[in-house]
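Work through these exercises with the sequence and the 3D view side by side. Try each task before you read its solution.

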Amino acid sequence: MGVAGEEERSIVVEGMLIQRPELVWRVLTESDLIGRWFMPNDFEPEVGHEYTFRSGPVGDWDGLSGGEVLEAEPYWRLRYSWRGGSHELPGFGRYIDTILTWTLSPLPNGTHVRLEHSGFTEDSAPVFEIMNSENGWQAVINRFAKVVNEVAEDE
């Protein structure tokens, strides 16, 4: 991913949800539910599946990003590459070539959720700064938790 010798940075966000891992997994992997907390997509939790996330265009970037599912072990771990953006944009929309790893750990009273977004390089530092802020992954995780709660109420 990065240039040899170039230091890569990661963002880690974790927390606990009171719902069981099976329900958390659904919200993490079902395309329509991902669209409620993240972006419209054609995601499928199958190793080798290539997916696309769709956001609004910015500058010379069409808003499409995506990658490939690298690991999908139900109720435990989901890893996928995430690439997209433009080398010309200075901030949001800057090109990234990263990996997202979600780990679910069952607890007696719910599920521990850990997200690691790794592979940020010096070139993608502007996106790292945005995603590492309270408006980045923390806000996304808050929306994720809200959708988990809504799905739990609907069951």
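**Exercise 1. A charged pair**

Is E155 buried or exposed? Then find its partner R26 and describe the link.

Solution. Keep in mind that this is a predicted model.

Step 1. Take the accessibility of E155. The relative accessible area is 53%. The cut-off for exposed is over 50%. Therefore E155 is exposed.

Step 2. Look at the partner. R26 forms a salt bridge with E155, and the closest N and O atoms are 3.0 Å apart.

Step 3. Place both ends. R26 sits in helix α1, while E155 belongs to the segment after α4 (137-154), so the pair ties together parts that are 129 residues apart in sequence.

Step 4. Check the cover on R26. Its relative accessible area is 29%, so R26 is partly exposed.

Step 5. Turn to the helix that carries R26. Helix α1 spans residues 21-29 and is mostly covered, with seven of its nine residues buried. The buried residues are P21, L23, V24, W25, V27, L28 and T29.

**Exercise 2. Two more salt bridges**

How many salt bridges does a search of the whole structure find? Examine E71 with R79, then K146 with E150.

Solution.

Step 1. The search finds 10 salt bridges.

Step 2. Take E71 and R79. Their closest N and O atoms are 3.9 Å apart. E71 has 18% relative accessibility, so it counts as buried. R79 reaches 26% and is partly exposed.

Step 3. Take K146 and E150. Here the closest N and O atoms are 3.1 Å apart. Both residues lie in helix α4, four residues apart, about one turn of the helix.

Step 4. Recall the helix rule. An α-helix has 3.6 residues a turn, so residues three or four places apart point the same way.

Step 5. Compare the cover of the two ends. K146 is exposed at 52%. E150 is partly exposed at 25%.

Step 6. Add the network. Salt bridges that share partners join R20, R26, E30 and E155 into one network.

**Exercise 3. Following the strands**

Which strands pair with β6? Trace them, then do likewise for β3.

Solution.

Step 1. Start with strand β1 (residues 9-17). It pairs with β6 in the antiparallel sense over eight bridges. The bridge partner of L17 in β6 is T111.

Step 2. Go to β5. It also pairs with β6 in the antiparallel sense, over nine bridges. T101 stands opposite E116 in β6. β5 and β6 form a hairpin with two residues between them.

Step 3. Check the cover on β6 (residues 110-120). Eight of its 11 residues are buried, so the strand is mostly covered.

Step 4. Move to strand β3 (residues 64-73). Five bridges join β2 to β3 in an antiparallel pair. F53 stands opposite S65 in β3.

Step 5. Finish with strand β4 (residues 77-84). Six bridges join β3 to β4, again antiparallel. The bridge partner of G66 in β4 is R83. In the hairpin of β3 and β4, three residues lie between the strands, and Y75 takes a positive phi near 70°.

**Exercise 4. Around D42**

What do S31 and H49 touch beyond their neighbours within four places in sequence? Give the polar contacts too.

Solution.

Step 1. Place S31. It is in helix α2. Its relative accessibility is 25%, so S31 counts as partly exposed.

Step 2. List its contacts. S31 touches N41, D42 and F43. The side chains of S31 and N41 are joined by a polar contact of 2.8 Å.

Step 3. Place H49. It lies in the loop between α2 (31-37) and β2 (50-54). With a relative accessible area of 17%, H49 is buried, because the cut-off is under 20%.

Step 4. List its contacts. H49 touches D42, F43, E44, G67, E68 and V69. The backbone oxygen of D42 lies 2.8 Å from a polar atom of the H49 side chain.

**Exercise 5. A nonpolar patch**

Which residues make the nonpolar surface patch of about 280 Å²?

Solution.

Step 1. The patch is made by M16, I18 and L107.

Step 2. Place L107. It is found in strand β5 (residues 96-107).

Step 3. Check its cover. L107 has a relative accessible area of 34%, so it is partly exposed.

Key. Residues are numbered from 1 along each chain as its sequence is written. This is a predicted model: local features need pLDDT of at least 70, side-chain atom pairs count only at pLDDT 80 or more; totals for chains, interfaces and linings use all residues. Side-chain values use heavy atoms; hydrogens and water are left out. Buried means under 20% relative accessible area, exposed over 50%, partly exposed in between (1.4 Å probe, protein chains only). A polar contact is a pair of N or O atoms within 3.5 Å; within protein, one must be able to donate a hydrogen and the other to accept it, and residues adjacent in sequence count only if both atoms are side-chain atoms. Contact means heavy atoms within 4.5 Å. Patches are made of residues with over 30% relative accessible area and no salt bridge: like charges are joined within 9 Å, nonpolar side chains (Val, Leu, Ile, Met, Phe, Trp, Tyr) within 5 Å. Accessible areas come from the Shrake-Rupley method with a 1.4 Å probe; for residues, only the protein chains shown count as cover. A salt bridge is a side-chain nitrogen of Lys or Arg within 4 Å of a carboxyl oxygen of Asp or Glu. Two strands pair if DSSP finds at least two bridges between them.
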